[in-house]
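Here is a short tour of a protein chain, written for someone who likes to keep the structure open while reading. Take a moment to turn it around on your screen before we begin.

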Amino acid sequence: MHYESAKLMQEASAALQTLLGGLVLALVPVGVAGSIYKAISPNGWVSQAFGQSISAGAAVLGSLAIVLGMAWFSRVYSSPRRRNRRAGLFVYFFAAAGFIYAVQFLSKGSL
């Protein structure tokens, strides 16, 4: 009897993990697409930076280029264990952003 209840709990745990994994898998593209939309939309982050002044916009784009360049160079020197941890952070960050964008879209009808 104890074996059957343990097996049932294991199956329920696997089903819950599958459900949560599917939810994260659905939210990540929403987070990526929502972030891209927020960046390049007419009232987005880039237009707000350039709307204040050309130098502020250039500083934003320059700092973004430097951050991306440093991330590209750091991938060569980082250990595989740290890289996997960082990849997980990006996945969960975009899943959280996707959740926020989905809630915004469902409540307001727009981002």
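The report below starts with the overall fold and then visits a few individual residues.

## The chain as a whole

Please keep in mind that this is a predicted model. The chain has 4 helices and 0 strands, and reading along the sequence gives the pattern α-α-α-α. There are 111 residues in the chain, and buried ones make up 14% of them.

The accessible surface of the chain is about 8,900 Å², and carbon and sulfur atoms account for 72% of that area. Contacts also reach along the sequence: if you take those between residues at least 6 apart, 58% join residues at least 24 apart.

## Two buried residues in helix α1

Helix α1 covers residues 2–40, and S35 is part of it. S35 has a relative accessible area of 14%, so it counts as buried, the cut-off being under 20%. A polar atom of the S35 side chain sits 2.8 Å from the backbone oxygen of G31. Looking beyond its neighbours within four places in sequence, you will find S35 in contact with W45, F94 and Y101.

L27 also belongs to helix α1. With a relative accessible area of 15%, L27 is buried. Setting aside residues up to four places away in sequence, L27 touches F94, A95, G98 and F99. For G98, it is worth checking the backbone too: the C-alpha atoms of L27 and G98 are separated by 4.9 Å, although the two residues are 71 residues apart along the chain.

## The aromatic pair

How many aromatic pairs does a search of the whole structure find? The search finds 1 aromatic pair. The ring centres of F93 and F94 are 5.3 Å apart and the ring planes meet at 70°, so this pair is edge-to-face; the label calls for planes over 60 degrees apart.

Are F93 and F94 buried or exposed? F93 is exposed, with a relative accessible area of 51%. F94 is partly exposed, at 23%. You have already met F94 above, as it is among the residues touched by L27 and is also in contact with S35.

## A nonpolar patch on the surface

Now turn to the outside of the model. V46, F50, L61, L64 and L68 form a nonpolar patch on the surface, and together they have about 410 Å² of accessible area. Two elements, α2 (45–52) and α3 (54–77), give two or more residues each to this patch. Helix α3 supplies the largest share, with 3 residues.

L61 is a good residue to select if you want to see the patch up close. It lies in helix α3. L61 has a relative accessible area of 40%, so it is partly exposed; that value falls between the 20% limit for buried and the 50% limit for exposed.

Technical notes
Residues are numbered from 1 along each chain as its sequence is written. This is a predicted model: local features need pLDDT of at least 70, side-chain atom pairs count only at pLDDT 80 or more; totals for chains, interfaces and linings use all residues. Side-chain values use heavy atoms; hydrogens and water are left out. Rings of Phe, Tyr and Trp (its six-membered ring) pair if their centres lie within 6.5 Å; planes under 30 degrees apart count as stacked, over 60 as edge-to-face and the rest as tilted. Buried means under 20% relative accessible area, exposed over 50%, partly exposed in between (1.4 Å probe, protein chains only). Contact means heavy atoms within 4.5 Å. Accessible areas come from the Shrake-Rupley method with a 1.4 Å probe; for residues, only the protein chains shown count as cover. Patches are made of residues with over 30% relative accessible area and no salt bridge: like charges are joined within 9 Å, nonpolar side chains (Val, Leu, Ile, Met, Phe, Trp, Tyr) within 5 Å. A salt bridge is a side-chain nitrogen of Lys or Arg within 4 Å of a carboxyl oxygen of Asp or Glu. A polar contact is a pair of N or O atoms within 3.5 Å; within protein, one must be able to donate a hydrogen and the other to accept it, and residues adjacent in sequence count only if both atoms are side-chain atoms.
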